[in-house]
Amino acid sequence: MSTIKLIIDGQEIEVKNGTTILEAAKKINVNIPTLCHHEDLCVAGNCRVCVVEVKGRERLEASCAVPAEEGMDILTNSAKIRNARKDIVSLLVSEHNTQCTTCYRNTNCELQELAAEYNVDGNKYLSVLKEGIEIDTSSWSIEKDDSKCIHCQRCVRTCAELQHVNALTAAFKGNEMKISTFGELPFNEVVCTNCGQCVNHCPTGALTERRYFDQVWEALGDHSKHVVMNTAPSVRVALGEMLGYEVGTRVTGKMVTAMKKIGADSVLDTDFSADLTIIEEGHELLSRLRKVLLKKDTNIKLPMITSCSPGWVKFIEHMYPNHLGHLSTCKSPQQMFGALTKTYYAEKKGIDPKDIVSVAIMPCAAKKYEANRAEMNDSGYRDIDAGLTTREFGLMIKQAGLNFQNLEDSEFDSIMGESTGAGVIFGATGGVMEAALRTAYTIVTGRNVPFKNLNITAVRGTEGIRKASIKIDGCLEEWAFLEGAELNVAVAHGLKNARTIMDEVASGKSNYHFIEVMGCPGGCIGGGGQPIPTNADIRAKRIQAIYEEDMSKSIRMSHENPEIVRIYKEFLGEPLGEKSHKLLHTHYHKRNRY
Ligand code: SF4
Ligand code: SF4
Ligand code: SF4
Ligand code: FES
């Protein structure tokens with residue numbers, strides 16, 4: 001690609017043709033403020049806080065929207081620019097509910113930060129904040145407060161471009177403009193998947209996750225309750241960002257200590273139930289392959305598609321209701337964990353399950369919704385009592401006054417606290433596929449997957465859809481029908497890519513046997529409940545940390561987890577057995593596509 005030369009703040013720079021002024025400035029460490037811009041999304045150019053002066057041009061230019069041109073001479077910092085930015089932020093503040101002290105995004109809000117940087121005078125413009133704006137708390141996962149909205153439309157673009165859901169729109173015009181849902185229906189009545197990506201991309205407190213940490217504090221303070229906390233694989237590689245660590249720092253040991261210090265009676269690991277998911281899902285895949293390839297059973301659907309991402313599950317229920325047979329019947333690791341906490345764990349520990357409060361700390365907003373699905377009570381109780389995001393948990397650590405960086409490392413408790421590298425990689429796109437292949441290949445051949453260090457690099461990476469074929473040979477007698485077969489697999493992350501792969505499946509032309517779909521870009525490491533900001537660079541660092549965690553484990557295949565071996569021996573019986581079906585598997589619902 002050809003390059004161009006321009007000058008920014010007196011410094012000459014050469015950039016690729018098509019680079020925006022904003023991007024060019026970043027290359028020479030000049031930070032131009034933005035609000036409607038997010039690097040995950042297409043350009044909107046509607047807030048104009050990123051204005052710069054281009055010499056020879058009368059009007060200020062929005063640097064996020066204007067491409068750099070050969071010979072441009074640009075100023076990013078002048079009295080004219082500072083005044084313009086200050087005015088823009090002042091106007092936004094004048095129609096904003098600036099109750100920062102009681103706002104969930106206080107100290108992590110882009111509007112607040114800019115208002116402080118530009119020393120905005122809140123009285124310069126008459127407040128035009130509308131009265132009587134109601135907060136939509138209808139959803140288990142998402143809360144929408146229009147009084148905090150700056151109309152940047154990052155949420156609308158996120159939902160449309162990244163997620164292909166289109167649950168949000170900019171409704172009405174002029175002064176009446178607001179972010180709305182179809183027919184202005186409450187969040188819980190529309191096609192929203194609860195993925196939380198709009199929350200993660202919102203610069204202010206207008207969209208937040210529903211918070212349940214007060215409920216958890218209450219349980220922690222109630223000595224008649226036995227509080228079991230468990231954390232998802234991707235929490236340990238992102239939590240540190242809220243507590244003073246560099247992006248991509250693994251804080252597993254300190255995270256466990258923090259949960260113990262805030263009073264959890266037992267600190268367990270969702271990675272354990274990720275390993276369990278692999279055993280159940282791996283056997284389900286092999287069972288489907290046997291039924292389709294050997295018994296020619298036309299009622300069984302291939303490809304089988306993973307079901308551990310609740311945003312994805314709700315997406316397919318709405319968008320492809322006639323293809324639910326492709327979904328694995330396995331519950332997500334969170335829900336398997338909940339069902340076992342109130343049965344197996346309760347039995348082993350001699351605790352009445354009614355006294356157990358199960359708390360799941362997740363990278364995800366959709367898991368809150370999932371925990372509240374009507375069918376998620378197979379233990380006889382609500383399997384998961386509270387789902388918290390990584391952000392909520394980070395806040396609890398701060399509320400508890402813990403000096404996180406000075407905490408000693410500690411180990412998860414037992415039982416249901418032991419996990420393998422295969423469980424950990426669930427947190428990154430491609431991880432479920434890799435973990436499943438590590439185990440399924442061993443079941444079929446009696447050997448490890450033929451990849452160096454068990455690392456199946458073909459399914460790793462950040463490309464939206466990745467495909468691979470694995471030749472199976474040297475099968476054990478029981479699996480002879482698979483001898484010489486090529487297992488075709490695919491991985492998709494983000495609901496936009498999920499739609500692409502589902503269109504292929506729905507057309508009947510797909511030749512895949514197994515597909516992994518994660519609802520969020522990058523998989524759970526990029527989940528809607530992860531620390532803000534999240535962007536491509538941050539996702540890549542969290543993914544790297546996940547694979548480092550995998551390599552640090554002494555056991556890296558789910559079927560070798562001693563606690564998994566034990567639970568089948570002492571409680572579940574066998575994979576896909578009667579108890580597994582009752583506690584670990586589920587069913588799905590057709591939903592409307594409105
Ligand atoms: S959204 Fe930001 S500016 Fe608005 S009240 Fe919350 S913290 Fe303050
Ligand atoms: S809800 Fe958030 S992301 Fe959406 S327009 Fe308002 S401020 Fe922007
Ligand atoms: S939670 Fe996800 S699906 Fe729902 S509105 Fe936000 S981005 Fe769209
Ligand atoms: S950030 Fe450039 S116009 Fe909003």
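Start with helices H8 and H10 in this predicted model: select residues 270-294 for H8, then add H10. The two axes come within 8 Å and cross at roughly 105 degrees. An angle from 65 to 115 degrees counts as roughly perpendicular, so H8 and H10 are roughly perpendicular to each other.

Now show the side chains at this crossing. On the H8 side, pick Thr-270, Phe-272, Ser-273, Ala-274, Leu-276, Thr-277 and Glu-280. Their partners on H10 are Pro-333, Gln-334, Met-336, Phe-337 and Leu-340. Coloured by class, the contact has seven nonpolar, four polar and one charged residues.

Keep H10 (residues 333-349) on screen and add helix H17, residues 562-572. Here the axes come within 12 Å and cross at roughly 85 degrees; H10 and H17 are therefore roughly perpendicular to each other. From H10, select Leu-340, Thr-343, Tyr-344, Glu-347 and Lys-348. They meet Arg-566, Ile-567, Glu-570, Phe-571 and Leu-572 of H17. By class, this contact has five nonpolar, one polar and four charged residues. Leu-340 takes part in the contact with H8 and in the contact with H17.

Next, colour by domain. Domain 1 covers 3-91 and domain 2 covers 96-124 + 134-209. Domain 3 is made of 219-272 + 334-406, while domain 4 is made of 277-331 + 420-527 + 550-584. Taken over C-alpha atoms, the centres of domain 1 and domain 4 are separated by 46 Å.

Move to the five-stranded sheet. It is open, has mixed pairing, and its strands lie in the order E2-E1-E5-E3-E4. Select 11-16 for E2 and 61-62 for E4: these are the edge strands, and each pairs on one side only. Then select E3, residues 51-54, which runs antiparallel to E4 and is joined to E4 by two bridges. Val-51 stands opposite Ala-62 of E4. Add helix H2, residues 79-94, which packs on the sheet. H2 touches E3 and E5 (73-75), and the direction of H2 makes about 155 degrees with that of E3.

Finish at ligand 2. Which residues are closest to ligand 2? They are Cys-149, Cys-152, Gln-153, Cys-155 and Cys-202, out of 13 residues that surround the ligand. The residues of this shell divide into nine nonpolar, three polar and one charged.

Technical notes. Residues numbered from 1 in each chain as written. Chains lettered and ligands numbered in written order. Predicted model: local features only at pLDDT ≥ 70, side-chain atom pairs only at ≥ 80, totals over all residues. Heavy atoms only, no water. Axes fitted to C-alpha atoms, helices over the stretch in contact; angles between N-to-C directions. Helix = DSSP H or I, 4+ residues; strand = E, 2+ residues; numbered from the N terminus. Parallel < 35°, antiparallel > 145°, perpendicular 65-115°, else oblique. Contact = heavy atoms within 4.5 Å. Nonpolar A, V, L, I, M, F, W, Y, C, P; charged D, E, K, R; others polar. Near = heavy atom within 4 Å. Pairing = 2+ DSSP bridges. Domains from an automatic or database assignment.
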